[in-house]
Amino acid sequence: MVRLPLTPAEVERGQRLGALLRRARGARSMLHTALDAGVSPETLRKIESGRVATPAFPTVAAIAEVLGLSLDEVWAEITGPDRVHGGEGVAERSAS
């Protein structure tokens with residue numbers, strides 16, 4: 001199977017995902033976070049550094065659950081406020 005190169009948007013989305021997970025993890029160790037999520041520490045390191053820009057959904061879901069993040073929060077962060085639900089960000093929907 002040949003994998004197509006990532007688009008610049010996919011690379012940027014992966015970097016935003018990594019930054020979100022690093023912030024959410026805070027002082028918690030990468031090792032404990034990875035093991036609690038059922039992924040290898042190397043996988044978590046690659047996702048957090050943006051080297052794996054398009055991780056599998058179950059991997060992201062497991063890490064998010066361990067870090068107390070909802071998938072809605074993750075999606076809002078990685079897509080940006082102008083792309084969630086037709087241009088309406090989480091803050092805008094909540095204020096309505």
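1. At roughly what angle do the axes of α2 and helix α3 cross? The axes of α2 and helix α3 (residues 41-49) cross at roughly 110° and come within 8 Å, where axes are lines fitted to C-alpha atoms, for helices over the stretch in contact, and angles run from 0 to 180 degrees between N-to-C directions. The two helices α2 and α3 are therefore roughly perpendicular to each other, given that angles under 35 degrees count as roughly parallel, over 145 as roughly antiparallel, 65 to 115 as roughly perpendicular and the rest as oblique.

2. A word on the basis of these points: this is a predicted model, in which local features need pLDDT of at least 70 and side-chain atom pairs count only at pLDDT 80 or more, while totals for chains, interfaces and linings use all residues. Residues are numbered from 1 along each chain as its sequence is written, and side-chain values use heavy atoms, with hydrogens and water left out.

3. The protein chain has six helices and zero strands, and from the N terminus on its elements run α-α-α-α-α-α; helices (H or I, at least four residues) and strands (E, at least two) are DSSP runs, numbered from the N terminus. Of the 96 residues of the protein chain, 32% count as buried, a word that stands for under 20% relative accessible area, with exposed over 50% and partly exposed in between (1.4 Å probe, protein chains only). Among contacts between residues at least 6 apart in sequence, 57% join residues at least 24 apart, a contact being heavy atoms within 4.5 Å.

4. Returning to the first pair, Met30, Leu31, Thr33 and Ala34 in α2 meet Pro41, Leu44, Arg45 and Glu48 in α3. The residues of this contact of α2 with α3 divide into five nonpolar, one polar and two charged, where Ala, Val, Leu, Ile, Met, Phe, Trp, Tyr, Cys and Pro count as nonpolar, Asp, Glu, Lys and Arg as charged, and the others, Gly among them, as polar.

5. Helix α2 (residues 30-37) also meets helix α4 (residues 57-67), and their axes come within 8 Å and cross at roughly 120°. That angle makes α2 oblique to α4. In this pair Thr33, Asp36 and Ala37 in α2 meet Ala62, Ile63, Val66 and Leu67 in α4, and the residues of the contact divide into five nonpolar, one polar and one charged.

6. Which residues of α4 are buried? They are Thr59, Val60, Ala62, Ile63, Ala64 and Leu67, and these buried residues pack against α1, α2, α3 and α5. Just after α4, Gly68 takes a positive phi of about 75°.

7. Helix α1 (residues 8-25) includes Arg25, which is buried, with a relative accessible area of 15%. Leaving aside its neighbours within four places in sequence, Arg25 is in contact with Met30, Thr33, Leu44, Glu48 and Leu67. Of these partners, Met30 and Thr33 in α2 and Leu44 and Glu48 in α3 also take part in the contact between those two helices, while Leu67 is one of the α4 residues that α2 meets.

8. Two further residues of helix α1 deserve attention, namely Gly14 and Leu17. Gly14 is buried, with a relative accessible area of 0%, and, not counting neighbours within four places in sequence, Gly14 is in contact with Ile47, Gly50 and Ala53. Leu17 is also buried, with a relative accessible area of 4%, and, with residues up to four places away in sequence set aside, Leu17 touches Ile47, Pro55, Val60, Val74 and Ile78. Pro55 is 41 residues from Gly14 in sequence and 8.3 Å from it in space, C-alpha to C-alpha, whereas Leu17 and Pro55 are 38 residues apart in sequence and 9.7 Å apart in space, again C-alpha to C-alpha.

9. In helix α5 (residues 71-79), Val74, Ala76, Ile78 and Thr79 are buried. Is Trp75, by contrast, buried or partly exposed? At 46% relative accessibility, Trp75 counts as partly exposed, and Trp75 and Arg13 are 62 residues apart in sequence and 9.7 Å apart in space, C-alpha to C-alpha.

10. Thr79, in helix α5, counts as buried at 5% relative accessibility. A polar atom of the Thr79 side chain lies 2.7 Å from the backbone oxygen of Trp75. Just after α5, Gly80 takes a positive phi of about 85°.

Conventions:
A polar contact is a pair of N or O atoms within 3.5 Å; within protein, one must be able to donate a hydrogen and the other to accept it, and residues adjacent in sequence count only if both atoms are side-chain atoms.
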